[in-house]
Each structure stands twice: as structure tokens, then as C-alpha cells.
Amino acid sequence: MMKQLILFLALISSSFVKAELNIFACEPEWGALAKELVGEKADIYIATTAQQDPHHIEARPSLLAKARQANLLICTGAELEIGWLPILLQKTGNKSIQKSEQGYFMAADFVELIDKPTKLDRSEGDVHAAGNPHIQTDPRHFLQISQALTQRLQIIDPQNADFYSQQNQLFAKKWNLALQRWEELAKNLKGKRIITHHKSWGYLIRWLGLEEVATLEPKVGLPPTSGHLANVLEKAKQNNAQLIVYSNYEDSKAANWLAEKTQIKQIMLPITVGGTPQAVDLESWFNDLLNRLL
Amino acid sequence: MMRKSILALALLSQNIIAADDVELRQQIDQLKQDYNSRLQQLEEKLQTSSKSSNNKNTFNPDISVILEGRYAYFKNDPENYSLSGFQLGEKVHHSLGEKGFSLGHSEIVMSSNIDDKFYGQLTAALHAHDGETNIELEEAFIQTLGLGHGLTAKFGRFFSEIGYLNQQHPHAWDFADAPLIYRGIFADQYNDDGLQLSWIAPTPFYLNIGAEFLKGGHYPSSGEQSGVGAYTLFAKAGDDFNRENSWQVGLSYWKASKIKERSIMDMMFFGKSQIIGANAVWKYAPNGNSKSQNFKLQTEFFEQRDDGNYGEESIAPIYKNRHRGGYVQAVYQFIPQWRIGLRYDRVESSYTNNGTTPQCCEFGKQTAHRSSIMLDWSNSEFSRLRLQFNRDYSNKEPDNQLFLQYVHSLGSHGAHSF
């Protein structure tokens, strides 16, 4: 009976095993970047959608099954996935994606993080010791990360090393052109005073030279309260705020309320690829993001 | 040398004294400005310095502390509680709680990767009861990391993978107390010392099978055991229906063949015991984003069969005890931070006696049931306040129970399993 069961399991499992590269991307932006580099040479599974807050994900059965088969894990890092990634690493018994292995790729390791807390205390909210993990909102980061990811792909899949290198050059060329275009377009945005829902846009603010007046969350990760919103309203008036920004997965109630009170324009921005119907890949996502801002 | 420098200092100070007052002020101001700008530079450096500066504790284990306490109202005296048709493990008499204010399940959890191949965890629970504080080592295990091929081995003391709720820490439970069937057959929660092997199949959906080989020293087993006193087999499968809906089902089996002196009040059980269990969980979140709204439906069923004797190790088992039951519960987070939950429990038991002298138990079939409703508020992921009401028909007299409970965790950020 036991033998038959094992045989059966071996049979069904062998039919699903594929020899090629299996990439597990924690967030859509890394899935999209991987797609630019690997083309059809790998299977890419994207663990979260743009509609999900990547901080609030459970290590669901489907994620365990997919992480079990991955040879390359591409995540943000900087504690963004702290609530679920450790379980995937512990439970799946997959050697190639463990921290010590080449299959563990954290994008935040390759860029300079901002908003590092000078003190670590939960009374400040759910702060990240490593700094602000929402690195995808500065498009310049993708050049560095793409370079690092290419090197990693070449180690994991040396057969296609030349291909990855070519793809990376193509991407860099395309991306540099796009950056020039976006920066030209966004010139007028410089110095614009904005209010954001969460600290998700720190890198975009730095890139475009915007000015963050306040956040709708009273503490990082805590939903807006009426008391805090009253303060924000005051600040918005004092500082002559010009724009209210929230991400597509965030509740728009607080933003709407403030917009109504202050007559300031509020806009929803796609936090990643798939955040809006227009944001289908990396380039179209930033196109849409800037369109909405302008 | 020393003399020279003293001389130089003396000269210098004379010079300064001789200098004009205004000049001195200017110098001081200059110095201040210099220092201010340097301090600023240093602060900036601190802000943007590499990650390592924040990670002084890298080699210390992650530590989290769970603080739990409650105010409880019982219409009947909880000291006299007994679950109809069950002989409860000794632990349960503490876990039912006390009237009024009491501390619940305080826990200290330490965990860390040991090296690239092993992970370790220790959980100590502190119970305060009747003026005494007991420390119970709930978990102390090491576990392999990335053994390969989906395999994981765990050694030490751990919560068994039997059932769904069993391996969750009580602070992660959705209600202030354990389901009746858990109370009845596991004395709330089952852990033991041993080895666990688990394998995740390379299938597109989640399929996990495993086995545990245990010492058999913990309730519902008991006694000094040589070798493997109890074992479990478990299988779980799960997947997403779509981006919004996920599911998991599980089957488990437990057996202990040579239970000795399982003490129930003043009676000792000798014999064998088997448990089979089945469970199912369904979770839903609009757009898959559980932060603002989510719904969870979970149900479990267990059946326990005891064959043995009371009082002495006998050649032929005289008693056949059957316990079965389960619960179904639904928890709905309707707005951020607020959840409401309903639970219904039902257990039944029957005893048959092939011997002549009934020493134990009320014979025949007995049933018990309970309905619960809870409302909880979580300010953040780390704090939760809960109000729960039970209408409990599991004792001789129906009971009304009310709990006001806090469950807070401090320290390192916990991870959420399904």
C-alpha cells in the first residue's frame, strides 16, 4: 500500500517537474524586470498582485508549492516580505533559494535605502530597520538591479549567459531613453507639495524633487484616524499642499475626505506593474504614473 | 618634552588672555559653527550609512514575547468544570481559566537560523495559577533548512502537525479558548518530543505529507516509553481557487500503542489509543488584499478510540472509549482592525465495558456543545483586544462565559502561516 502510494506520488510529481529555470518573484515589478531579461528562457511566477499590500501576505499553500520549485527568488528584501518569506524558506525544503545560495536575490541589496529609522521603536509604527523598502518607485533603481540580476542569472544559468547580457544591454538602452523622456516631462513637478497615504512614494518624491508635506497614516502601517486627519488638514492648509497621492491598493476614503475638505486634487497612482490597466510592463507603468501626476 | 609642552601651553594661554575679548568671541563662534557643521555631517552620515549599522543584533536570536491576560465571567464555577463524556487531561483544569482577572498564556519565543543548514526555536510558556508560576517548555526544536527535494526534518519538542489548529500558538487562535474537541482529546494542544519528517511534493498545487515519531510521554499518551511511544501521519493539500480565494485540506492520524498510567483524576488508563482527524480551511480577501477585509472559514473533525483498561495493565482490553467531535468557525474582518467571529463546537462520547465491574465513567452516549461569538480589535499587527461570549452546554449545567482578553506581542516581527 505504502509502496504504491510512493510510486503514485513519484509519477505525478515527475510529470510536473521541468528542467528549465523557475523564477519566483515576490512582487510584480521584479517579475516584469525578470521578464525583460529572460524572455522565454524561464518560467516566472509572481507571488503577489498590484492589488495586494506585499507587507500583508500569508504563506499560502500555493506560495509554498511554487517556492518549492523555484531556482531563483527575486524579492524586494529590506523586511518588506518579513511576514511571509521566512516561512517559505523554512518550510519548502528548497536548497537553492536559501539565504546563503545564489538563488536568493533581494533587490534592496543593490540600491541605497532612504528613511532609515534613527531609533527602532514600534511606537513609531511598523518601521523597517533597513530603511524604506518601496524602492520600485524610483525608476533609476531598475538599472542597477537589472545589472545585478543579470550577473545572478549568468551564475545560475551559465548556458544562457550571453543571452542575458544582451537582454540587459537592450533593457538599459531602452530604460535610459525612457528616463530622459520622463525627467523632461516631469520638470514642472519639481517642488510640488504632496500628501501621501503611506511612505510608499519616498523614492519617487526624491527622484522628481517633490516635497512631502504629510502622510495620511498617523504611524507607518496604521490606518488613518480622525484625529490625525485633522492635523493633516491643518498641515495641508498651512503648507499649501497641491496634491494628494494614494496607491491603488490603499483605501481611498481618507484621501477622498481630505480632497473634499481642501479642494486639493487627489490621484491614485499604480504602485507597481498591474496597478492600473495601462501599467502592463515596467515602461508603461511609469508612463502611466507620470501621466497621472502631470 | 612634557615640560616644553607645558611651557608652550602657558605661553598660549597668556596670548589668549592678552587677546581682545571680541576676538575671543569670534573664535568661539567660529569653533561652534565648525562643530555644528561637522555634527550635521556626522548625522547625515549616520542616516545614510550602510545597513550594518542597524544590525548590531544580527547574531542574537529573534525574540518575541507574547503577553496575554483576561477578565473572565463564568456563571458556574470553572473549578468544577468537567467536559461531559471526557476525562480531561490535567492541564485543562488550568486552561479553562479563573473568574475575574487572570494572566493567560505568557510566552517567550526565541528563534534564529543556526547556520546555513539549521534553524532553531524555543518557546517557553509561563502560567500563573493559584499563586504559583509554572514554566512550561512548549517547543525546543531544530529544523533543517533547504535540505533539498522538498524535505524538512525537525528534531526536539514541537507542536504536532496533527489537525490544523494544533501547530498554531494560542496567541494566533481566533478565540480565547480551544475548541471543545481539542480540550477533550489533546488537553488543548498536543506537543511531544521526537522527530518529524515532512515532504512537499513538486506539484503545481501544495501537497505536503509527513510523519512524526514521538516519545509518547505527553497526553493523550502517557508513561515511560522506550523507543517510539506514539506516531503521527499527516497529509495536507491546498491551492488558490483564484486571486481572492485559497483553500487547504488536511488529514491526520495518531497512534500510541502502549499507554501507561494516563492519569485522569485518580484513575489510570492503560492501553492503546488512536486518533483520526480531518480539516478544511477556506480564506477569502477582496482583490486578495487581506489587510482591509478578509474572511476565513475553518472546520475540523477528530475521532479518538481508546482500547484498554483502568487501574492496571490487563491482558485483554475491557473498555472501549469513543470520542468524536469537531467545530466550525467563521471569522470576518469587516473593516481594517475589526473582526467578528462565530464558532460552534460539538463533541460526543460513548463508553462500552466488556468487564464486570464498572470502575470508570458514565456509560452510554453523551453529547456536549457550545456556541461562541467574538469581536476583536487590533490596533496593529502586534496588539489585539478581544471580547468573547460562550453559551456552553459542555458541563452538567449550561454555562454563560464572557472573556475580555488582550493578546499582544512585542519584539521581532512574526510571520503568518496559512
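# Exercises on a two-chain model

In H3(A), the residues A:Pro61, A:Ser62, A:Leu63, A:Leu64, A:Ala65, A:Ala67 and A:Arg68 are buried, where buried means under 20% relative accessible area, exposed over 50% and partly exposed in between (1.4 Å probe, protein chains only). This is a predicted model, in which local features need pLDDT of at least 70, side-chain atom pairs count only at pLDDT 80 or more, and totals for chains, interfaces and linings use all residues. Residues are numbered from 1 along each chain as its sequence is written, chains are lettered from A and ligands numbered from 1 in the order in which they are written, and side-chain values use heavy atoms, with hydrogens and water left out.

## Exercise 1: the two chains

Describe the make-up of chain A and of chain B.

Step 1. Chain A has 10 helices and 8 strands, while chain B has 4 helices and 17 strands. Helices (H or I, at least four residues) and strands (E, at least two) are DSSP runs, numbered from the N terminus.

Step 2. Now turn to burial. In chain A, 57% of the 294 residues are buried; in chain B, 44% of the 418 residues count as buried.

Step 3. Finally, look at contacts, meaning heavy atoms within 4.5 Å. Among contacts with a separation of 6 or more, residues 24 or more positions apart account for 63% in chain A and for 59% in chain B.

## Exercise 2: two helices of chain A

Find out how H3(A) is covered and which residues of H9(A) are buried.

Step 1. Start with H3(A), which is mostly covered, with 7 of its 9 residues buried.

Step 2. Move on to H9 of chain A, residues 253–262, where A:Ala254, A:Ala255, A:Leu258, A:Ala259 and A:Thr262 are buried. These residues lie on the same side of H9(A) because they cover an arc of only 130° around the axis, the arc being that of the directions from the helix axis to the C-beta atoms.

Step 3. Turn the helix around: A:Lys253 and A:Glu260 are exposed on the other side of H9(A).

Step 4. Ask what covers the buried residues of H9(A). The cover includes strand S5 (193–196), helix H8 (226–238), strand S7 (243–247) and strand S8 (265–269) of chain A.

Step 5. Follow the chain just past H9(A), and you meet A:Gln263, which takes a positive phi of about 60°.

## Exercise 3: salt bridges

Locate the salt bridges of A:Asp53 and A:Arg60, then look at others within chain B.

Step 1. Begin with the total: the structure holds 33 salt bridges over all chains. A salt bridge is a side-chain nitrogen of Lys or Arg within 4 Å of a carboxyl oxygen of Asp or Glu.

Step 2. A:Asp53 pairs with B:Lys291, and their closest N and O atoms are 3.7 Å apart. B:Lys291 sits in the loop between strand S11 (267–284) and strand S12 (294–310) of chain B, and A:Asp53 in the loop between strand S2 (42–46) and helix H3 (61–69) of chain A, so the pair joins two chains.

Step 3. Compare the partners: B:Lys291 is partly exposed, with a relative accessible area of 27%, whereas A:Asp53 is buried, with 8%.

Step 4. A:Arg60 forms a salt bridge with B:Asp240, with 3.1 Å between the closest N and O atoms. This pair also crosses between chains, from the loop between S2 and H3 of chain A to strand S9 (residues 230–240) of chain B. A:Arg60 is buried, with a relative accessible area of 9%, and B:Asp240 is buried, with 18%.

Step 5. Within chain B, B:Arg70 and B:Glu68 meet in a salt bridge (3.2 Å, N to O), and both residues are buried. A network of salt bridges links B:Asp174, B:Lys296, B:Arg339, B:Asp376, B:Arg384 and B:Arg386.

## Exercise 4: the surroundings of one residue

Work out where B:Asn279 is placed and what B:Asn279 touches.

Step 1. B:Asn279 belongs to strand S11 of chain B.

Step 2. B:Asn279 is buried, with a relative accessible area of 8%.

Step 3. Leave aside its neighbours within four places in sequence, and B:Asn279 is in contact with B:Gly163, B:Tyr164, B:Gln248, B:Val249, B:Gly250, B:Thr299 and B:Glu300.
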